[in-house]
Structures are given as structure tokens and as C-alpha cells.
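Student: Could you take me through one part of this model closely, the sheet with mixed pairing, and then show what surrounds it?

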Amino acid sequence: MVVVGVIGASGYTGGELLRLLARHPEVEEVRYATSRRLEGEPVWKVHPNLRDEYPDLRFTDPDPAEVGEECDVVFTAVPHTAAMELVPDLLDGGALVIDLSADFRFDDVEEYERWYGVDHRAPDLNERAVYGLPELHRDEIRRADLIANPGCYPTGAILAAAPIVEEGLADVIVFDSKSGTSGAGAKPSQTTHHPECAEDLTPYNPTDHRHLPEIRQELGKLGDVEVHFTPHLAPLVRGIETTAHCLGDAEIEPEELRELYEDYYGDEPFVRLCEVGEAPRLWAVRGTNYCDVGVFAVGDGRIVVASAIDNLVKGASGQAIQNMNIRMGFEETAGLEEFGYHP
Ligand SMILES: NC(=O)c1ccc[n+]([C@@H]2O[C@H](COP(=O)([O-])OP(=O)(O)OC[C@H]3O[C@@H](n4cnc5c(N)ncnc54)[C@H](OP(=O)(O)O)[C@@H]3O)[C@@H](O)[C@H]2O)c1
């Protein structure tokens, strides 16, 4: 049993962590749910879905060193740059830290600094961090004290394409992703304001989104492939649908390709394969830690694979709990048994 802290508990991924931790069989207590703005307020005032789960838990704004000492596991669900200020103290206190921001995701700290336009404040710790995508790095996660939880888009993209890259079936992959607005966090903005986005579908940062180098980094470990990525904001609250256009001259039948995926993902608890030609659906993964993957079409020099995730669960907080489970030796699916809706 573990004592847990959530830094940034007033946000969307923080709230989702609290939701999933509430009935986690190995969590003795959520001791800290932090917010600077809402210190002293009951957590359920911001997350009314948690009213009965945490009737007495209030937001606090503690010293990170204290949180690191009091907790076995701390999740940092804060913006990039804020995490690298907090993580050194949390680790000094002795906690396992699982960071949901981008601060520790890059193998090369200079690559992070280039894409995020800031100096890294803890480059020595960056070297210790493990990229927390269990399907690719489970063994390293078992030994890590700092886990960099992957970005939401990279999770869907990497899981969609990993078998193809490892098998050398594409020279170029173009990822086209559509995300719900909760991906932008709880702070309101013009872009995510309801009248602006509710009946719209907009590409943004089409050639230079910050998740592109992350996808390149991880797929580059599996094979030699050129990667492009264009995200879109879709009129959804949760979910990311990614279509991977895998270009090359490989000749493979769809059924054979699906077998390749079956072998690759084997007994992975959170990757579900669709039938050949069946699109993964967002409602089927909503609220769950699943990534559904479908080998959608093959032909004309192109393999089309699609994936669906809930950005707040497999794309963030669920995956973070999966990482905690792996690292702490718990059942990997503990607290993550939810299985989606229809419609
Ligand atoms: N949303 C997603 O789908 C998603 C998916 C994957 C990864 N992520 C990453 O996860 C992190 C959190 O995202 P989010 O969507 O949950 O953001 P959010 O809804 O905007 O919440 C941010 C939280 O961080 C706290 N915070 C902000 N600056 C802080 C600071 N300097 N020190 C301490 N706490 C601070 C805020 O607390 P206050 O109440 O004090 O302001 C709030 O609780 C980000 O790095 C994001 O990129 C998000």
C-alpha cells in the first residue's frame, strides 16, 4: 500500500489522477492534492464527480520537500517548466516521481531546450528519467525513480506505428491526429472557448508541434523512418484519434499485418486490436486506459493504421498509474479496469 501526492490536482489530469486513485486497491491514502490558487478549498468543489470519494480532502500548497518525504509516490500534473522546479525536492524526499509534463521526456536535453525555448533546470535528473511508455520500456520503468510520462499525441502515434517501424515496413509516416479540447488543460482560452471550437475542426502547428520530436525520438529507437505529424483540435471533450499514413513499397496483406500487431503487442493489457478494416472508436476508450489500434487499409504504397485513446487516461493519468503499478510491483491493471462506453 502506498501514500500518494498529486501536485497540480486542480487541473484536468490532476483530477483524473484523483478519480483513478480513489478506488485503487494499493493506495492507502491520497495525502496531498495541491493547488496554489485554491488552497483550503475542498477538492470536490472543483471536481464534483469526486464528492463522495474524497469528502474531506482539501487543496494545499505545501513545500515539495515535505511532499517528497511524506509520500511514496508523487505525480506532478503541472505545466512544463513548473515540473523541473519541483522534481529535485520531491526526489530528495525519497518519493518515486511520475511527471506528466514534457520536462523529462527527452533523451537529449538540448533537444528539449530547442523545442520548448527554455534552459533545463535539472539536466542531471533528466539523464536518470525513463520514458514511461510501458509497451516499449517496461523493464526500465521497473528500475526508475523518475518516470517521464509520455505526451498524449505521442502515446497514440507511437503505439499505432511501432510494429510497422520495427518491421521496416515504411520509409515515411505521416500522423494526422484529432484531439478533444481537454488536451489543452483546464485554463480557458480563446481557442478552446465553446463557440470558437464546437462546430469547427482546425489544424494547428501542422509541421512543428512539440510532440513531433518526442514521436521521432521513440520511433527512431525502433527503426529508420521519416516522421511527420499534424494535430487538429476537434469538437470533442476527450479523446485522440490518430491516423498513421505509412508510406513505402512493402507488400503485405492486411491479415498478415494484423498478425504482426498481434505478435508485437502479445499480452499487452492496454492495447486492443480491432479487426482488419475496423476503425478504433473514441467512445470505446473514453474513460479507459486502452489504446485501440486498427489496421485500417493496405494498398497503393500506403498502410493506414488508426489508434484511439482517451487523452486524459492512456494519454496522461491512466498511463501514469500504469507506470506506478509497474514500478511498485502492483498488478499492472490495478485501478485501471474501466472499459468504455457505447455509444
Ligand atoms: N490535458 C491533457 O490531455 C494532457 C495529456 C498529457 C499530458 N499533459 C500534461 O500534463 C500537465 C498538466 O496538464 P493539465 O491538462 O492537467 O493542465 P491544467 O488543467 O492546466 O492544470 C495544471 C495544474 O498545474 C498547477 N500548476 C500550474 N503551475 C504551477 C506551478 N508553477 N507550480 C505548481 N502547480 C502549478 C495548477 O494549479 P493551480 O490551481 O495552482 O493553478 C493546476 O492544478 C501538463 O504538463 C500537460 O502538458 C496533459
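Tutor: Happily! Seven strands make up this open sheet, in the order 8-9-7-10-13-12-11, and their pairing is mixed. Helices and strands here are DSSP runs numbered from the N terminus, with H or I over at least four residues for a helix and E over at least two for a strand. Two strands count as paired if DSSP finds at least two bridges between them. The model is predicted, so local features need pLDDT of at least 70 and side-chain atom pairs count only at pLDDT 80 or more, while totals for chains, interfaces and linings use all residues. Residues are numbered from 1 along each chain as its sequence is written.

Strand 8 (202-203) and strand 11 (271-273) are the edges: each has a single partner strand, so one side of each is left without a neighbour in the sheet. Further in, strand 10 (residues 240-247) pairs with strand 13 in the antiparallel sense, over eight bridges. Along this pair, Cys246 stands opposite Ile303 of strand 13.

Helix 8 packs on the sheet and touches strand 7 (172-179), strand 9 (226-233), strand 10, strand 11, strand 12 and strand 13. Touching means contact, with C-beta atoms, placed from the backbone, within 7 Å. The direction of helix 8 makes about 35° with that of strand 10. Such angles run from 0 to 180 degrees between N-to-C directions, and axes are lines fitted to C-alpha atoms, for helices over the stretch in contact.

The loop between strand 12 (291-299) and strand 13 (302-309) holds Asp300. Asp300 is not a glycine, yet its phi is positive, at about 60°. Asp300 is also exposed, having 7 other C-beta atoms within 10 Å; the classes are buried at 20 or more such atoms, exposed at 12 or fewer, and partly exposed in between, with C-beta atoms placed from the backbone.

Helix 8 (residues 152-166) also meets helix 13 (residues 313-328): their axes come within 8 Å and cross at roughly 100°. That makes helix 8 roughly perpendicular to helix 13, on a scale where angles under 35 degrees are roughly parallel, over 145 roughly antiparallel, 65 to 115 roughly perpendicular and the rest oblique. Helix 8 brings Cys152, Thr155 and Gly156 to the contact, and helix 13 brings Lys314, Gly315, Ala316 and Gln319. By type, these residues are two nonpolar, four polar and one charged. Here Ala, Val, Leu, Ile, Met, Phe, Trp, Tyr, Cys and Pro count as nonpolar, Asp, Glu, Lys and Arg as charged, and the others, Gly among them, as polar.

From there, helix 13 leads us to the other sheet. Helix 13 lies across strand 1 (2-7), strand 3, strand 4 and strand 6, running at about 155° to strand 4. Six strands form that open sheet, with parallel pairing and the order 2-1-3-4-6-5. Its edge strands, strand 2 (27-33) and strand 5 (130-131), each pair on one side only. Strand 4 (residues 96-99) and strand 6 (residues 146-148) run parallel and are joined by three bridges, with Val97 partnered by Leu146 of strand 6.

One last detail belongs to the segment after helix 13, where Pro343 is placed. A cis peptide bond, with omega about 0°, joins His342 to Pro343.

Terms used: Two residues are in contact if their C-beta atoms, placed from the backbone, lie within 7 Å.
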